[in-house]
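Here is a short report on one protein model. It goes from the overall fold to single residues.

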Amino acid sequence: MAPTEPLVTDLYTADPRAHVFDGRIYVYPSHDIDAGIPENDFGDHFAMEDYHVFSMDRVGGEVVDHGVALHLKDVPWAERQLWSGDAAEKDGRYYLYFPAKDKDGVFRIGVAVSDDPGGPFTPQPEPMEGSFSIDQSTFRDDDGTHYLYWGGIWGGQLQRWTTGSYDPDAPEERDEDVPAIGPRVARLSDDMLQFGEAPREIQILDENGDPILQTDHERRFFEACWMHKHEGTYYLSYSTGDTHLIVYATGDNPYGPFTYQGVVLTPVLGWTTHHSIVEHEGQWYLFYHDSSLSGGRTHLRSMKVAELTHRPDGSIETIPGDR
Ligand code: FUB
């Protein structure tokens with residue numbers, strides 16, 4: 001398998017979040033469509049309406065499409081924009097976490113449940129209590145505790161929640177040397193349907209132990225956070241948004257703080273970049289997307305996979321994007 005081949009060519013897929021369940025790789029991407037909505041900074045052109053789940057027995061093996069796993073019309077509280085989803089397994093049940101705008105145009109995070117990792121998933125009638133913003137991803141620590149990481153600025157609305165309540169007039173970003181807005185983390189409740197504790201803001205620090213600043217667009221958090229653990233170290237990776245990088249920071253516990261380390265993936269074709277990092281049969285992989293299949297149309301993306309290497313000192317070898 002050439003690492004730059006789209007994994008799927010009959011649908012546009014993006015934001016691939018991969019997990020290994022029962023030895024098989026399951027990928028939970030967004031399903032991109034062209035709804036004819038002009039591009040804007042709020043991301044209205046990302047007007048996705050459903051999810052498909054894909055699986056494979058190994059990277060390079062046949063990619064199975066499990067069909068529609070969840071549709072917007074079946075989520076009572078959601079009005080539009082099924083953005084990046086992700087899944088978790090506990091005690092043989094599977095939980096699909098997904099953001100959508102509610103009837104007031106505010107992003108909330110919902111949960112849907114299935115007995116099969118490929119779905120279909122049945123949504124809860126309400127979003128998770130106190131949830132906000134986008135790009136939630138799941139992480140199961142070695143002790144079996146599940147965490148949710150999330151957040152995205154600009155169209156992802158995280159900047160509207162800095163006071164704890166929703167402020168529709170908050171600026172997207174301030175051109176000031178203040179600490180950048182951090183992603184959020186919370187342990188999940190025992191039943192996996194709610195936050196099990198109050199969400200915390202994650203601190204991302206530079207090499208001197210100082211917070212990464214909002215003006216530091218090459219390193220500050222924008223969206224698409226993902227957690228993986230390698231040899232006891234917690235790796236928080238994320239997109240820098242308008243500088244189009246996937247970067248990573250490391251820490252010694254799931255809550256951080258995390259110290260910025262470097263670049264995982266250089267820019268790909270298209271504005272967005274989004275990923276997940278997963279180990280399967282002793283090899284680490286980066287699942288990511290680009291817009292090559294659509295000839296560069298930013299909202300029509302395709303998921304891909306490449307091998308990822310941790311060097312002996314724990315640092316990650318940078319993977320070149322195709323831009
Ligand atoms: O797919 C819609 C949005 O684009 C995601 O939520 C972001 O991470 C970006 O990939």
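**Overall picture**

Start with the contacts in this predicted model. Among those between residues at least 6 apart in sequence, 54% join residues at least 24 apart. The secondary structure is 21 strands and 0 helices.

The C-alpha atoms fill a box of roughly 50 × 45 × 45 Å, taken along the principal axes. The radius of gyration is 18 Å. A compact globule of 323 residues would have a value near 20 Å, so the protein agrees with that expectation. Of the 323 residues, 60% count as buried. The accessible surface comes to about 12,800 Å², and 44% of that belongs to carbon and sulfur atoms.

**A five-stranded sheet**

One open sheet has 5 strands in the order 14-18-17-16-15, with mixed pairing. Its edges are strand 14 (204-205) and strand 15 (223-230), each of which pairs on one side only.

Inside the sheet, strand 17 (residues 246-251) and strand 18 (residues 258-265) run antiparallel and are joined by 5 bridges. Which residue of strand 18 is the bridge partner of Ala-249? The partner is Tyr-260.

**The nonpolar cores**

The largest nonpolar core has 42 residues. Those with the most contacts inside this core are Tyr-97, Met-128, Tyr-149, Ile-204, Leu-236 and Tyr-238. Several strands each supply at least two of its residues, among them strand 7 (93-102), strand 8 (107-114), strand 12 (184-187) and strand 16 (233-239). Strands 15, 17 and 18 are also on that list. The largest share, 4 residues, comes from strand 11.

A second, separate core has 24 residues, including Ala-69, Leu-70, Trp-77 and Ala-78.

Ile-204 deserves its own look. Leaving aside neighbours within four places in sequence, Ile-204 is in contact with Pro-183, Asp-210, Pro-211, Ile-212, Phe-221, Leu-236, Tyr-238, Ala-249 and Phe-258. Two of these partners, Leu-236 and Tyr-238, are also named among the core residues with the most contacts.

**Backbone exceptions**

Most residues other than glycine have a negative phi, and most peptide bonds are trans. The table lists places where this model departs from that pattern.

| Site | Feature | Value |
|---|---|---|
| Gly-119 to Pro-120 | cis peptide bond | omega near 5° |
| Gly-256 to Pro-257 | cis peptide bond | omega about 5° |
| Gln-81 | positive phi | phi near 65° |
| Ala-224 | positive phi | phi about 65° |

Where do the two prolines sit? Pro-120 is in the loop between strand 8 and strand 9 (122-123). Pro-257 is in the loop between strand 17 and strand 18. Those two strands are the antiparallel pair described above.

Gln-81 lies in the loop between strand 5 (78-80) and strand 6 (86-90). Is this glutamine, Gln-81, buried or exposed? Its relative accessibility is 1%, so Gln-81 counts as buried. Ala-224 has its place in strand 15, which is an edge strand of the sheet. Ala-224 is buried too, with a relative accessible area of 0%.

**Arg-184: a buried arginine**

Arg-184 is found in strand 12. The cut-off for buried is under 20% relative accessible area. Arg-184 has 7% relative accessibility, and therefore counts as buried. Its side chain reaches the backbone oxygen of Gly-182 at 2.8 Å.

The surroundings of Arg-184 mix several residue types. Neighbours within four places in sequence aside, its contacts are Phe-132, Leu-148, Tyr-149, Trp-150, Leu-158, Trp-161, Arg-200, Glu-201 and Ile-202. One of them, Tyr-149, is also among the core residues with the most contacts.

**Pro-179: a partly exposed loop residue**

Pro-179 lies in the loop between strand 11 and strand 12. With a relative accessible area of 48%, Pro-179 is partly exposed. Not counting residues up to four places away in sequence, Pro-179 touches Pro-211, Ile-212, Leu-213 and Gln-214. Pro-211 and Ile-212 also appear among the contacts of Ile-204.

How far apart in space are Pro-179 and Tyr-51? They are 35 Å apart, C-alpha to C-alpha, and 128 residues apart in sequence.

Technical notes
Residues numbered from 1 in each chain as written. Predicted model: local features only at pLDDT ≥ 70, side-chain atom pairs only at ≥ 80, totals over all residues. Heavy atoms only, no water. Pairing = 2+ DSSP bridges. Core = buried A, V, L, I, M, F, W, Y, C linked by side-chain atoms within 4.5 Å. Buried < 20%, exposed > 50% of the residue type's maximum accessible area, 1.4 Å probe, protein only. Contact = heavy atoms within 4.5 Å. Rg over C-alpha atoms; globule rule 2.2 N^0.38 Å. Areas by Shrake-Rupley, 256 points an atom, 1.4 Å probe, with all protein chains shown as cover. Polar contact = N/O pair within 3.5 Å; in protein donor to acceptor, adjacent residues only side chain to side chain.
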